[in-house]
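Open the model in your viewer and set the cartoon view. Have the selection box ready.

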Amino acid sequence: MKEELYRINQKGKMQGLIKFQLCGTTFPDKNYKIYRPSSEVWCIEYVEEGGGTIKLNDQTYFPKAGDSYFLHAGKDHYYFSNSDDPWKKHFINISGKLVENLIEGYGLLDTAHFVGLDLGNEIKQIIEIAKKGRMDNTPELIVILNEIFLKMHINMKKDDVTSIIGMEMKDFLNTQITSKFHLELLCKHISKSESQTIRIFKKLYGITPYTYVLNKKMDFAKKLFIDTNLSVKEIATKLCFSDEYYFSNIFKEKVGCSPSQYRKFHKGNKT
C-alpha cells in the first residue's frame, strides 16, 4: 500500500502528557488493510475519496468520502479499503493522558463514525507542521486537536437531535397504520419540508416514510389474516387501500404470496 508518513517532533514536558506519534496520507489501494489489536494509540482519520470498512471490537462502520472516524485506544482496530472504490484518507495517531481528558471532556468516549464531518483541513495542518520538522510545535498541535474534538462534539450533538426527530417520526407513523398516508402531515408534525423529512428518515432507517408505513400495514395485515376472519376486501378497507386488488398485489410483492395463500398456510399451522 502507498502512504506518505511523517513523524511529529516534540520536546519538553508536554510530550509526556500528549504524543503526536504519526500522521500522513493513505492513497487509494484496493488491498489496503490494517489490523492493530488492543491499540495503544487513538487514530483520527478523514476520508477524502472512496470508502472502506471499520471493525472496532464488535462494531462495524462504513465511512465514505466526506466522513471522519475516530478509533479509540484499547480497542482492536481492523479497517480496510473498499476494493471497488478504495479510499484516499488523511490521518493522525495520538496518545497520552491529555488525550483521555479531552475525549472525556468533549463526550467522545463511545463515538467512532462522524458522517459528513470534514476534518481534512485540521489534519492537513498537522501534516504540514510535521513536514517542517520543528521541535517546539506541541502547543500549536494541541490547539488544532481541540478544534478537531470540538467539531466532533458538535457533529455528535447534531446526530443526537436527528435521532430524536427520527423517533418522533416513527411514533407518529405508527399511529397512521390504519389511515391513508399523507407525507404533509408528517412534515407538519416535525416542522420540516418534504425533502428534509424524507432525507432525515432515509438517513436513519434506510427507507422512505411511505415504505415504512407500507411495511407496517403489511405486518398488521398478516396479523389480521391469522387472528380474524375478515375478508381481503375488509382488511384492505381497514388499512385504507383504494381497492382489494391493489392491496393484494402489494401484499404479494412484500410478503411473497397472495393473501389467501398466506391465510391458508398460517391458519392451517395454527390449528
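The tour goes from one strand to its partners, then to the nonpolar cores.

This is a predicted model, so local features need pLDDT of at least 70, side-chain atom pairs count only at pLDDT 80 or more, and totals for chains, interfaces and linings use all residues. Residues are numbered from 1 along each chain as its sequence is written, and side-chain values use heavy atoms, with hydrogens and water left out.

**Stop one: the strand.** Select residues 42-49, strand E4. Strands (E, at least two residues) and helices (H or I, at least four) are DSSP runs, numbered from the N terminus. Six of the eight residues in E4 are buried, so the strand is largely enclosed by the rest of the structure. Buried means under 20% relative accessible area (1.4 Å probe, protein chains only).

**Stop two: its partners.** Add residues 88-95, strand E9; seven bridges join E9 to E4, and the two run antiparallel. Strands pair if DSSP finds at least two bridges between them. Find Cys43: Asn93 in E9 stands opposite. Now add residues 68-71, strand E7, which pairs with E4 over four bridges, also antiparallel. Here Ile44 faces Phe70.

**Stop three: the core.** Stay on Ile44. Its contacts (heavy atoms within 4.5 Å) include Tyr69, His90, Leu119 and Ile123, not counting residues up to four places away in sequence. Which residues have the most contacts inside the largest nonpolar core? Ile44, Ile148, Phe149 and Met152, in a core of 31 residues. Such a core is a set of buried Ala, Val, Leu, Ile, Met, Phe, Trp, Tyr and Cys residues joined through side-chain atoms within 4.5 Å. Select helix H4 (138-174): H4 gives the most, eight residues.

**Last stop.** Select Phe225, Ile235, Leu239 and Ile250, which belong to a second, separate core of 16 residues.

Notes
Buried means under 20% relative accessible area, exposed over 50%, partly exposed in between (1.4 Å probe, protein chains only).
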